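Reader: I should like a close look at the second largest pocket of this model. Please describe its lining and then set it in the context of its surroundings.

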Amino acid sequence: MRRERTLRLKQNPMTVWKAIIYVCLFVFMACCLFPLLYEVMLSVSSRDDFLASKFIVIPKHFNLEMYKLILFQDLIGRSFIISVCITLIATVYSMAVLSLGAYVLLKNDLPGRRIFFVLLLITMFFSGGLIPMVLTLRSLNLTNNFAGLILPFGVSAFNIILLRNFFAQVPKEVLESARMDGCDDFGCLFRFILPLSKAGLATIAVFTLVGKWNDWYWPMVLLTDEEMYPLAYQVKMALNASVDNVEAGIIDMTKVFAEGRNGAIIVISLFPIAIVYVALQKYFVQGVMLGAVKS
C-alpha cells in the first residue's frame, strides 16, 4: 500500500496550482455547507443560547424541543408524509410516461415523428397560461385533491428529450439482435434499453423528485384544505408564522423560539432530498457526463 501510494504521489506531484485549487474547492464547500450546518445548530439550541449569541449560535444547551413542536403540534409532520407520498407516486408515474414517450421518439420510422417532436419543443417555450390551466383542471375535478398535483405534471418536454438522448446511446446492434430473436417494442424497452440506461433514468428521476418535493406554487393554487398541504407549501407558510400561540404540553416553551423552529423545519425538509442525492450521486454524475456526449 505504501509503495502504491508513493508511486501515485510521484506520478501526480503536488504543485502550487493544485494546492490553490484544493484550497478554493475547500472554501467553496465550506460556503455551501455552512448554511445547512448553521440551521442544524440553530434547531437544537435553546432560546438562551440564541439570545446570548452575537454572531453564530452555539448549542450549549442541546435540546429537541423545536422538533417536538413541529412533529407533535404543527402540521409539518402530516405534510411531510403527504409530500413523501405525492413525490414517490409522481416520480414513478412521470418516469413511466417519459420512458414510453422517449422510446417512441427514438423510432426513426414513426409516421409524423418530426411533427410530434416540434410540437413537444413548442411546449418548452409557450404555455396556455395559469388561468386556462386552472379552469381546465377545475372542469376535470382535479382541484383540491392530490390527483391534480400529479396527473397534469407527468410530462416535461425537457426531460423527455433528455431521456431520448440517453436511450439513443444504446447500441442499435443490441436492439436489432433482440428484434431478430422475436422481441417486440415493449420487450426492447424493458429488457434492454431501460437496464442499459440506469444512469439516465437516475438523472431524470432526481430532476423529477427534487422538482416535485420543492413544489409549493401549484399546491397554493389548487388546494384549499390546509390539511392537504404538502411540506414545501407548509414550510413557506410556517416560516412566517409565530410560535406564541402553541399550547404547552410535552414541549418546554421556554426553549422554543421562532428562528430555531424555522431551522428545524428547513432541516426536516432538506433531509430526504440529501439522502436521495447521496444515494443516486454515482448515477447522477454518470448520467450528466453521458448526456453531454453525442456519438
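Author: The second largest pocket has a volume of about 380 Å³; the model in which it is found is a predicted one. Its lining is made up of 16 residues. Nearest the centre of this pocket lie Leu-106, Lys-107, Asn-108, Lys-172 and Leu-175. Three elements each contribute two or more residues to the lining of the second largest pocket, namely H5, H8 and helix H9, which spans 172-180. Of these, H9 gives the most, with four residues. By class, the lining of the second largest pocket comprises seven nonpolar, two polar and seven charged residues.

The surroundings may be approached through helix H10, residues 185-193. The buried residues of this helix are Gly-187, Cys-188, Leu-189 and Ile-193. These buried residues of H10 pack against H5, H8 and H9, the elements that each give two or more residues to the lining of the second largest pocket.

Cys-188 also bears on the matter of disulfides. The closest cysteine sulfur to that of Cys-183 belongs to Cys-188 and is 4.1 Å away, which is too far for a bond, because a disulfide requires sulfur atoms within 2.5 Å. Cys-183 is itself buried, with a relative accessible area of 15%. Cys-24, by contrast, is partly exposed, at a relative accessible area of 48%. The count of disulfides in the model comes to zero.

For comparison, the largest pocket has a volume of about 600 Å³. It is lined by 23 residues, and the closest to its centre are Pro-152, Phe-153, Val-155, Ser-156 and Ala-157. Helices H5 (76-106), H6 (113-125), H8 (157-167) and H11 (198-213) are the elements that give two or more residues to the lining of the largest pocket. The largest share of that lining, four residues, comes from H5. Its residues divide by class into 13 nonpolar, eight polar and two charged, whereas the lining of the second largest pocket holds seven nonpolar, two polar and seven charged residues. H5 and H8 thus appear among the contributors to the largest pocket and also among those to the second largest.

Conventions. Residues numbered from 1 in each chain as written. Predicted model: local features only at pLDDT ≥ 70, side-chain atom pairs only at ≥ 80, totals over all residues. Heavy atoms only, no water. Buried < 20%, exposed > 50% of the residue type's maximum accessible area, 1.4 Å probe, protein only. 1 Å grid on protein atoms, 1.4 Å probe; cavity = no way out; pocket = protein on both sides within 12 Å on 5 of 7 lines; lining within 4 Å. Points joined across faces, edges and corners; volume = space filled by probe spheres on them. Nonpolar A, V, L, I, M, F, W, Y, C, P; charged D, E, K, R; others polar. Contact = heavy atoms within 4.5 Å.
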